[in-house]
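Visitor: I am new to this structure. Please take a close look at one part for me, the surroundings of the ligand, and connect it to the rest.

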Amino acid sequence: MRIAFIGLGNMGGGMAANLAKAGHEVRAFDLSEAALAKAEERGASRAADAATAVEGADAVVTMLPAGKHVADVYRSSVFGKAPTSAILLDCSTIDVATAKQVEEEAKAAGYAMVDAPVSGGIAAAEGGTLTFMVGGSADAFDRARPILEKMGKAVIHAGESGSGQAAKIVNNMLLGVTMAGTCEAFVLAQKLGLDPQVFFDISSKASGQSWSMTSYCPVPGVGPETPADRGYEGGFAAQLMLKDLALAMEAAQAAGAYTPMGGEAEELYRRFVERGGGPKDFSALIKMIDDSWTM
Ligand code: NAD
């Protein structure tokens with residue numbers, strides 16, 4: 001297939017390389033010259049702009065920062081420029097309202113489109129092991145699936161247009177809440193004289209356990225190897241967690257859902273990012289919950 005790929009950053013770079021590796025003809029565009037040069041080295045051909053990249057494409061994949069970039073790129077460079085036979089896949093994490101709006105505009109212009117945000121970070125993008133949560137019609141999902149399978153290990157149909165984004169941000173809201181709670185629990189346990197390893201051994205087998213506890217423990221040297229063991233480098237950046245929590249709170253407000261714990265987690269991550277924690281893994285929140293916490 002001839003696939004146009006727009007947005008070759010931390011995530012898109014590896015995803016486009018996996019499509020090229022699978023034998024697709026990838027035509028890449030990014031505003032960053034460095035990202036384009038790297039994509040070329042990894043098997044894609046470069047296009048002068050997004051509208052040129054989508055000319056004659058069988059599929060268009062976008063991996064962009066936020067809703068406004070997605071809306072801009074589709075309105076200015078995809079609709080009316082790509083053949084209407086092309087399937088459109090937006091893999092960025094964006095707000096539900098923009099995802100639905102852009103998909104409606106795609107439909108009106110004669111295209112099939114899905115929102116297909118991912119779970120998994122840069123390593124999963126490189127390794128082709130992402131999980132895709134897909135919103136769109138059953139037909140659009142069937143057409144998108146073989147392309148997504150070249151970039152991921154799981155491709156799940158979440159429902160109609162916007163449902164992929166909804167699943168992504170609700171899942172990450174829950175993750176933000178459980179991580180904040182797990183950090184608090186370790187801090188309190190320590191202040192009450194419990195050894196962190198002993199508390200882990202108990203809680204990871206008791207009713208307080210969650211993925212944040214058993215698979216992504218925020219305490220160095222406790223549980224399986226996690227970013228906590230690497231100085232909180234790599235992993236899932238706190239600033240991206242804040243972005244997802246803000247999207248979840250925006251969606252909750254629009255839907256009239258009461259999400260006090262999500263709101264509290266957003267507030268905690270906002271403070272952490274303001275204090276310079278943004279690039280650190282999101283489990284480093286434990287350092288802010290207790291400054292005296294010894295790492
Ligand atoms: P990034 O900033 O590294 O990459 C985005 C790329 O888009 C950049 O190279 C930028 O130059 C390009 N871009 C922006 N506007 C453009 C335009 N108009 N035309 C062409 N290119 C344009 O971001 P990332 O980490 O790759 O994340 C991409 C998306 O994936 C985001 O929505 C993010 O929330 C989501 N996501 C990221 C991770 C992660 O761990 N990094 C994990 C899951 C989901």
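Guide: A helix axis here is a line fitted to C-alpha atoms over the stretch in contact, and angles run from 0 to 180 degrees between N-to-C directions. The model is predicted: local features need pLDDT of at least 70, side-chain atom pairs count only at pLDDT 80 or more, and totals for chains, interfaces and linings use all residues. Residues are numbered from 1 along each chain as its sequence is written.

Start at the ligand. Around it are 27 residues (C-beta atom, placed from the backbone, within 6 Å). Gly9, Asn10, Met11, Thr93 and Gly121 come nearest. Two elements give two or more residues to this shell: α4 (67-78) and α11 (238-255). Helices are DSSP runs of H or I, at least four residues, and strands are runs of E, at least two, numbered from the N terminus. The largest share, 3 residues, comes from α4. By class, the shell has 15 nonpolar, 9 polar and 3 charged residues. Asp, Glu, Lys and Arg are charged; Ala, Val, Leu, Ile, Met, Phe, Trp, Tyr, Cys and Pro are nonpolar; the others, including Gly, are polar.

Now step back. The protein is divided into domain 1 (2-160) and domain 2 (166-289), with bounds from an automatic or database assignment. Both domains give residues to the shell, so the ligand lies between them. Their C-alpha centres are 29 Å apart. Their contact takes 9 residues from domain 1 and 11 from domain 2 (C-beta atoms, placed from the backbone, within 7 Å). On the domain 1 side, 5 of these residues are nonpolar, 3 polar and 1 charged.

Return to α4. Its partner here is helix α5 (residues 96-108): the two pack at about 10°, with axes 10 Å apart. Angles under 35 degrees count as roughly parallel, and α4 and α5 are therefore roughly parallel. Gly67, Val70, Ala71 and Tyr74 of α4 meet Thr98, Val102 and Ala106 of α5. That contact has 5 nonpolar, 2 polar and no charged residues.

Last, the record. An unreviewed UniProt entry places "domain: 6-phosphogluconate dehydrogenase NADP-binding" at residues 2-159. Over residues 2-159 the chain is 42% helix and 25% strand. UniProt (unreviewed entry) also lists "domain: 3-hydroxyisobutyrate dehydrogenase-like NAD-binding" at residues 162-288. Over residues 162-288 the chain is 64% helix and 0% strand, with end C-alpha atoms 34 Å apart.

Notes
UniProt positions renumbered as here; feature names shortened; annotations may be inferred. Parallel < 35°, antiparallel > 145°, perpendicular 65-115°, else oblique. Contact = placed C-beta atoms within 7 Å.
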